[in-house]
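The following exchange asks how several descriptions of a structure are justified. Each answer sets a value against the criterion that applies.

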Amino acid sequence: MTATDSGESPPPVAENLLRRAALGDMVRRQAARQGDKAAIIARSGSENRRVITYRDLDSFSNRVAHGLARLEVGRGDRVALMSHNEPESVGICYGILKQGAVFTSLNPSYTPAEAARQVDHSTPRVVIAGPGMAERARAGVAETRSGPRLVVMDGTPQPGEIGFSEMLEGVSDGMPESVVVDCDLAMVMYTSGTESVPKGVMITHRAMMISTTPSWSYERYVEAADVFLLLAPLYTMAGTGAVINLISMGATLVMIPRSEPGAVLEAVEAEGVTNTSQTPTFYHRMIRHPDFGWRDLSSLRQAHVYGGPIPFGVVSELSQRARGVTWATYWGQSELSQLGVIGFFANPSEVPDADSRWIGRPTPHVEVRVVDESGADSEVGELLCRSPGVMEGYYRNPRATDAVLRDGWLHTGDVVRLDPRGNLFFHDRLKDMIKTGGMNVSSAEVEETIRMHPGVRDAAVVGVPDPEWTEVVTAAVVSGPDVSLSEAELIEFCRTRLAGYKTPKRVEFVSDLPIDFQGKVRKRELREMLGDPGVRARQERT
């Protein structure tokens with residue numbers, strides 16, 4: 001419960017400022033410490049480059065806060081932003097936080113119906129449409145029941161809307177006189193929805209201030225001198241969380257419009273990027289880009305990876321081009337204020353048990369347990385966590401909250417192995433474990449095996465309902481260019497490397513896997529696709 005919900009009288013601003021822990025204050029403090037340092041470098045190709053200093057960011061976010069106050073946005077009100085990765089989006093986020101409001105975001109690729117559903121769930125007082133987003137946001141707001149005020153950053157506002165420049169016209173760039181308490185909500189960030197309808201994760205100022213950001217610092221995951229290339233989208237916790245931690249650390253953030261390998265390689269060379277974070281799928285694509293062999297990647301200090309096991313072949317290839325780079329494995333959840341487990345290695349020989357599923361050890365602010373289906377401690381089982389970073393719950397969803405916050409632990413839904421030295425190895429999502437013929441099969445293990453075939457570019461595995469087996473192990477495979485690969489050949493390849501019950505009983509060759517913006521496979525969509533008996537016929541026609 002926040003102070004707003006409890007009915008307590010909020011303290012006066014002066015008393016509140018004396019000892020408060022609020023995320024927006026970190027911009028003001030960094031501006032005072034190093035106002036001329038680049039907070040954000042925004043690139044759009046080699047010709048378009050903007051530098052936003054910490055002083056600029058502080059001033060702009062103050063103006064946003066005052067502009068929102070003009071629209072009667074106050075403490076605890078939600079404000080939603082629909083935007084791609086733009087530097088203005090960072091300032092808007094901090095303006096919302098400085099005003100004591102709650103930041104939430106809308107996926108720029110949402111259909112009007114999807115946007116309307118999330119807006120009606122989060123009930124923001126204001127929706128801000130970022131550059132190029134006016135029409136999409138307008139269509140979504142038009143379908144809502146809640147009817148928030150729409151602010152558009154470009155284009156001509158329609159009746160009832162307000163232009164962003166108009167909202168900021170004549171407002172002060174001084175510090176807002178807003179009360180913010182550390183247990184107030186800072187964000188409601190929606191889960192990716194790869195497995196179910198997205199849920200709004202409630203994160204307080206306190207969770208980030210005393211858990212995630214210190215963990216980044218203690219583990220030297222990011223340092224103040226770093227130039228970090230942001231690739232995760234701001235509408236995710238991975239993106240917004242990274243921004244907040246980087247700004248709190250006083251580092252420099254590089255932003256590009258799209259996470260395209262060529263643009264990433266160009267930005268690393270041009271800006272002397274020291275670290276970045278992406279999925280194994282992305283790194284795999286990057287090393288195969290035509291520019292990879294000649295771009296200067298010597299500035300890279302760390303390559304962060306999350307979302308799946310990193311192939312050691314990819315590690316070796318990038319390490320040859322970026323001598324001295326350290327790999328940082330990363331596991332986290334929105335429900336944990338982003339970060340829970342980190343591990344470092346310079347080469348595959350340093351990975352415990354030579355197991356590419358290694359995700360590291362818990363950060364100093366996280367305690368873990370691994371339990372079996374009965375709740376007893378186990379070497380392999382569901383990962384449970386407790387930490388100051390654990391979410392307050394799912395917004396307006398007490399049933400889902402109770403399902404994961406119980407017995408004093410956050411039940412993550414991830415299946416891991418815990419060794420005696422405290423190392424954690426990711427096995428699968430609990431929901432992605434396939435139950436076939438009374439046996440449990442890790443989809444991740446089968447996927448890793450299939451990718452070992454030289455003719456396979458990518459693969460994803462799910463369980464498809466079956467009257468005899470309950471579920472059958474089913475693979476969707478993207479073969480390499482000009483590769484002739486049959487279902488029987490691939491099944492036989494797996495059979496020599498996996499137990500019979502783990503071997504796919506069915507393989508479907510597809511042109512692409514359904515993935516989200518972060519490179520994660522949309523398993524729910526894949527199950528629907530592979531459960532459709534017409535999928536093979538459609539693929540053959542195309």
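Q: Why is Cys-183 called partly exposed?
A: This is a predicted model, and in it Cys-183 has a relative accessibility of 28%. Buried means under 20% and exposed means over 50%, with partly exposed in between; Cys-183, at 28%, therefore counts as partly exposed.

Q: What makes Cys-93 buried or exposed?
A: The relative accessible area of Cys-93 is 6%. The cut-off for buried is under 20%, so Cys-93 is classed as buried.

Q: How do you know that Cys-183 is too far from the closest cysteine sulfur for a bond?
A: A disulfide requires a pair of cysteine sulfur atoms within 2.5 Å. The closest cysteine sulfur to that of Cys-183 belongs to Cys-93 and lies 19 Å away, which is why a bond is ruled out. By this rule the count is 0 disulfides. Cys-93 likewise takes part in no disulfide, the nearest cysteine sulfur being that of Cys-183.

Q: Why is strand β3 described as largely enclosed by the rest of the structure?
A: Strand β3 spans residues 78-82, and 5 of its 5 residues are buried, so the strand is largely enclosed. Arg-78, Ala-80 and Met-82 are buried on one side, and Val-79 and Leu-81 are buried on the other, leaving both faces covered. In a regular strand, side chains alternate between the two faces of the sheet.

Q: What makes β3 and β4 a pair of strands?
A: Pairing requires at least two bridges between the strands. β3 and β4 (residues 102-106) have 5 bridges, in the parallel sense, so the criterion is met. One of the pairings joins Val-79 to Phe-103 in β4.

Q: How do you know which residues of helices α3 and α10 are in contact?
A: Contact means heavy atoms within 4.5 Å. Leu-23, Met-26, Val-27 and Gln-30 of α3 meet Ile-244, Ile-247, Ser-248 and Met-249 of α10. By class, this contact holds 6 nonpolar, 2 polar and no charged residues. The helix axes are 8 Å apart and lie at an angle of about 40°, and the crossing is left-handed.

Q: What makes up the contact of α3 with α4?
A: Helix α3 (residues 23-34) and helix α4 (residues 54-70) have axes that come within 8 Å and cross at roughly 145°. α3 contributes Val-27, Arg-28, Gln-30, Ala-31 and Gln-34, while α4 contributes Tyr-54, Arg-55, Leu-57, Asp-58 and Ser-61. These residues comprise 4 nonpolar, 3 polar and 3 charged.

Definitions and conventions: Residues numbered from 1 in each chain as written. Predicted model: local features only at pLDDT ≥ 70, side-chain atom pairs only at ≥ 80, totals over all residues. Heavy atoms only, no water. Axes fitted to C-alpha atoms, helices over the stretch in contact; angles between N-to-C directions. Helix = DSSP H or I, 4+ residues; strand = E, 2+ residues; numbered from the N terminus. Nonpolar A, V, L, I, M, F, W, Y, C, P; charged D, E, K, R; others polar. Buried < 20%, exposed > 50% of the residue type's maximum accessible area, 1.4 Å probe, protein only. Left-handed = near helix turned anticlockwise from the far one by under 90°.
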